[in-house]
Amino acid sequence: MTHLFRRHWSHHCMMSATLVLGVALLTSLLSGPTVAFVPIGGGSSTHVSITGTALLQKVTETCRAVAEAAGHEFNPTGSSAEELVQACLGPTATGDVSGAKFKSALQEIYTQNGLVDRNFVNSAPHHFNSEAFAEGRGLIIEGLVAINANIREENFQAARETLGRVLHTLQDFYSHSNWVELGYTEPYINLIRMDLPLENLADFSTATCSDCASGKCPNPILPNILKEKKLTSGYMGIYSAAKPKGKCSHGGAGDLTSSAEPRGGISKDERRSDNVDFHNAAVKAATAASLQLLEDIRVAAGDNDFLTMMGIARSSVVCFVIDTTGSMSDDIEAARTAVYKIIDGKKGTQDEPSEYILVPFNDPEFGPMIRTTDPDKMKREISLLRANAGGDTPEMCLSGLQLALTGAPDSSDIYVFTDAVAKDIHLKDTIMALISSTKSTVSFFLTGSGRRRRSLRASSFEDYKNLALASGGQAIQVPKSQLPQATDIILDTSTSALVTVLQRARNPGKQETFPFMLDDSQKNIIIYITGQSISFTLTNPAGVMQNHNEASGKLGSINAVGNLWRIRLNDDNIKGTWKINIISNQPYTLKVTGQSTITFIYDFVERFGGPHPGYAVLSGHPQAGQPAILMLSVIGRKGSSSVTVGDVSLVTVSGPETVRNSTTTDMGNGDILVTVDAVPEGEFVVSLKGTDNVSGSGFQRQSTTQMSVSKVNIKAVADSSMQPGKTFNLPFSVMTQGSDGLYSISARNDKNFPMSKPPSLNLTTGQYANSSVTITPPANTPSGSDVTVTLDAKSSSGADSNYIVLRFSVVNKTTDFVRPVCEVVNVQADDCPHDLSKCKPFQWKLAATLSDGDGTGVANVSLRQGSGNLTTSLLSDPIIKANYTASCCSQIFELEAVDKFGNVGKCYHSIVRSAGPPTLPALLPLWLCLLVSAFVTWF
């Protein structure tokens with residue numbers, strides 16, 4: 001599967017003048033790949049820059065609102081991701097704050113936005129081409145319902161992915177229709193309101209455009225269409241030039257219909273000399289429409305959940321997968337102690353985890369997954385764990401781990417506690433695929449012998465070690481009595497701004513010296529070594545040494561427990577190149593970590609063609625026999641401009657070290673396009689070296705997740721939501737550049753929904769074979785759930801395989817599109833003085849009623865503007881009474897009501913005494929400002 005970036009819109013994406021900070025943030029944070037791609041017609045605005053403008057403005061507005069509600073100021077010290085996140089988190093963000101999660105969340109949305117062009121290039125509704133207005137709006141509404149349902153179920157990644165796709169379709173309306181040619185400057189709110197009709201659409205038989213032989217006419221829309229304000233859009237033909245008589249074309253080199261009369265096109269994707277004004281108007285309207293949609297999502301979700309969806313989080317997510325079979329009492333107690341130490345030691349600090357996840361497993365049961373942001377709730381949940389049942393030795397470990405990998409956010413740290421091998425070893429390939437897809441790190445605490453049950457397929461602790469190494473984690477074998485000492489590693493990694501400097505593995509073991517570079521931005525440097533019969537010597541840049549038998553030396557403190565050595569360096573004088581010499585003839589691993597806001601995120605990508613060429617993010621292994629291409633984004637202490645990238649290379653982790661250097665193209669804003677012509681054989685990671693411009697010191701970073709190439713390619717698309725109780729058909733295609741033959745197909749999902757699939761496909765080299773998988777969510781599946789589907793194709797020899805991971809939302813069919821209604825029934829403000837300087841001793845009151853008519857009922861009511869006190873009757877009442885009391889100094893009241901399907905209703909009242917309508921604060925969308933009357937407005 002591919003996700004794509006592309007350069008589609010061009011130039012001058014306008015931002016609200018009220019958010020000057022947002023302009024700087026946009027420059028700093030917008031995804032680099034879109035800036036890098038060759039522009040169509042020059043300029044720099046794209047779908048991504050339009051999306052980024054809206055997202056950053058809405059995040060900034062929301063952060064400011066949250067800060068003001070909490071009673072502290074929102075004053076970012078600069079325009080970098082780190083500084084925005086730190087300001088948004090407020091006074092508790094006292095330590096190093098990484099912007100990586102925020103930028104990764106933005107990147108997910110941008111990626112899915114671009115996917116629409118790659119996967120739905122010939123779908124008129126996805127682009128509002130060919131006058132498919134009702135169908136296009138249907139996609140937007142379906143997406144909004146899924147987003148709101150996902151957020152309610154805290155499935156934030158699914159919400160982000162759908163948001164990216166919905167924004168693309170919404171933005172295309174303004175480029176591909178004649179909305180701006182008709183003179184409209186504001187968004188068409190009916191596109192996100194199913195309760196409002198689509199009006200004045202041109203009939204199928206009505207001609208809409210005049211002929212434009214040059215293809216570059218400023219406005220080919222027919223005069224009668226303009227006069228009658230008829231809405232139309234251009235027809236797009238990638239494979240055919242046919243279109244209805246007299247209809248407008250999309251236009252451009254990829255549109256075959258543009259050569260059929262009437263020739264030309266009305267697309268405003270490109271900024272050309274003949275359409276500058278219309279292009280700029282379309283960009284402006286698309287940005288305003290994106291803000292409008294985001295505001296609805298924000299109101300329905302609430303400020304805190306909206307920011308969580310956007311990756312604004314204190315620190316890492318701590319996820320535990322715990323064996324609860326009869327022999328695990330001591331292990332459960334050790335895990336419980338570790339959780340308590342994290343909660344009690346880090347509560348109220350920047351290192352406090354942003355979320356806690358717990359997945360118990362037994363035999364044959366596993367789950368459910370418990371997730372919470374409340375540390376006290378996690379204490380209660382883990383205190384309830386009891387060791388019981390299980391019977392035989394192997395347990396359902398990988399089933400529990402699968403739940404954790406699909407339920408936890410990407411790049412999470414997951415800790416597995418068990419004393420038994422995996423009974424469900426058949427899931428190993430699925431786990432490997434999920435590790436690669438999520439880039440999460442998995443570490444195992446193993447307290448048993450690792451012997452397997454005689455009747456099972458071969459399974460041992462070596463499987464856990466392989467999974468840990470593939471993810472960048474560790475497999476720690478330790479006696480049960482010493483397990484509490486080993487869990488300090490959880491405290492080390494449950495922190496903000498964690499980076500990996502170096503990770504290597506040797507099997508068989510040998511004597512080897514490993515150099516690594518530390519820089520001024522780092523602190524809390526910890527070196528981990530796992531293995532048996534190990535000795536080592538550590539040397540700092542000044543030549544000072546400390547060996548393995550010096551527990552407390554000049555360089556740091558050394559602790560050993562089980563097969564784990566943990567070396568914590570002193571924080572003084574760490575800058576420069578260090579060396580560690582390891583001696584052992586047994587297998588061992590080495591990992592060096594620290595805290596720093598200098599880091600990077602990356603994706604493997606592939607080039608694609610078509611009307612809007614660009615780069616697509618790969619889901620699965622890169623293709624063998626081709627150069628590997630990466631899109632890499634660098635994050636510095638003061639934003640991307642505070643670092644200079646040196647070398648980017650692919651490095652083998654295990655066996656003889658192989659380094660494959662790359663050629664890089666600076667895309668601006670810290671984004672690098674990396675091409676590696678000769679890819680290492682076997683598993684490799686991404687290594688980055690550069691210079692921190694703040695201190696002038698060199699730095700070194702490494703990705704944790706191992707990757708390899710494959711000759712197999714799988715393609716499938718997550719194009720819609722599933723419905724509870726309905727069978728969903730997922731087509732997919734498989735191709736190999738390797739040997740002909742039978743390739744086994746596996747298909748699994750993390751919710752154990754019933755599935756059917758072909759057992760195998762017979763592949764011919766270079767040709768795609770098509771098939772499908774069916775999935776049936778049970779009828780009682782909660783709306784807003786998500787399900788992760790993993791498809792895997794493997795050669796008969798097992799020597800080559802590839803995978804694809806897709807995430808789908810499960811959403812009930814929605815019939816409630818009516819927004820709650822608010823009516824102000826009484827206002828008592830006569831006591832308020834005309835002179836505002838004398839307002840303090842006086843109060844005013846307002847009474848309103850709220851209802852949802854024949855809808856699903858009001859779910860929550862909140863005060864958006866006003867510093868007074870709001871009370872309501874029971875939300876279950878057919879008519880909800882709201883009473884508001886405020887100081888006469890607080891003269892504006894705005895209330896928002898959200899029903900159970902996420903429809904948002906608002907009412908507004910002002911006691912400002914003026915000749916004309918009051919001016920709303922600039923934070924309100926322009927469409928709302930236009931609808932406000934002098935005293936009361938309801939939506």
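Biologist: Are Cys822 and Cys907 buried or exposed?
Modeller: The model is predicted: local features need pLDDT of at least 70, side-chain atom pairs count only at pLDDT 80 or more, and totals for chains, interfaces and linings use all residues. Residues are numbered from 1 along each chain as its sequence is written, and side-chain values use heavy atoms, with hydrogens and water left out. Buried means under 20% relative accessible area, exposed over 50%, and partly exposed in between (1.4 Å probe, protein chains only). Under this rule, Cys822 and Cys907 are both buried.

Biologist: How many residues apart are Cys822 and Cys907?
Modeller: Cys822 and Cys907 are joined by a disulfide (a pair of cysteine sulfur atoms within 2.5 Å), with an S to S distance of 2.0 Å. The bond links distant parts of the chain, from Cys822 in strand S34 (residues 821–828) to Cys907 in strand S40 (residues 904–910). Helices (H or I, at least four residues) and strands (E, at least two) are DSSP runs, numbered from the N terminus. The separation of Cys822 and Cys907 is 85 residues.

Biologist: Why is the disulfide of Cys822 and Cys907 assigned its handedness?
Modeller: The assignment rests on the torsion about the S-S bond of Cys822 and Cys907. That torsion is about 55°, so the disulfide is right-handed.

Biologist: Where in the chain does the disulfide partner of Cys832 lie?
Modeller: Cys832 is bonded to Cys888, with the sulfur atoms 2.0 Å apart. The two are 56 residues apart, and Cys832 lies in the loop between S34 and strand S35 (843–851). Cys888 lies in the loop between strand S38 (880–887) and strand S39 (892–899).

Biologist: Which handedness has the link of Cys63 and Cys88?
Modeller: A disulfide with an S to S distance of 1.9 Å joins Cys63 to Cys88. It connects helix H3 (residues 47–70), which holds Cys63, with helix H4 (residues 81–89), which holds Cys88, 25 residues apart. The angle about the S-S bond is -85°, and the link of Cys63 and Cys88 is left-handed.

Biologist: Why does Cys88 count as buried?
Modeller: Its partner Cys63 is buried, with a relative accessible area of 0%. Cys88 counts as buried because its relative accessibility is 6%.

Biologist: What pattern do the disulfides of the chain follow?
Modeller: There are 6 disulfides in total. With bonded cysteines counted along the chain, the pattern is 1-2, 3-6, 4-5, 7-12, 8-10, 9-11.

Biologist: Which helix gives the most to the largest nonpolar core?
Modeller: A nonpolar core is a set of buried Ala, Val, Leu, Ile, Met, Phe, Trp, Tyr and Cys residues joined through side-chain atoms within 4.5 Å. The largest has 58 residues, and those with the most contacts inside it are Phe102, Leu163, Tyr174, Leu293 and Met310. Among the elements supplying at least two residues each are helix H5 (100–119), helix H8 (156–176) and helix H10 (276–301). With 10 residues, the most to this core comes from H10.

Biologist: Which residues does Leu293 touch?
Modeller: Contact means heavy atoms within 4.5 Å. Leaving aside residues up to four places away in sequence, Leu293 touches Ile140, Leu144, Leu163, Val166, Leu167, Leu170 and Ile192.

Biologist: How far apart are the end C-alpha atoms of H5?
Modeller: H5 is mostly covered, with 16 of its 20 residues buried. The expected span of a helix is 1.5 Å times one less than its number of residues. For H5 this gives 28 Å, in agreement with the distance between its end C-alpha atoms, 27 Å.

Biologist: Which strands stand at the edges of the open sheet of 4 strands?
Modeller: Two strands pair if DSSP finds at least two bridges between them. The strand order of this sheet is S9-S15-S11-S12, and the pairing is antiparallel. Two of the strands have a single partner strand each, so one side of each is left without a neighbour in the sheet: strand S9 (512–518) and strand S12 (545–547).

Biologist: Which residue in S12 is the bridge partner of Thr537?
Modeller: Strand S11 (residues 535–539) and S12 run antiparallel and are joined by 3 bridges. In S12, Thr537 has as its bridge partner Asn547.

Biologist: What percentage of the residues of the chain count as buried?
Modeller: The chain has 19 helices and 41 strands. Of its 939 residues, the proportion that count as buried is 58%.
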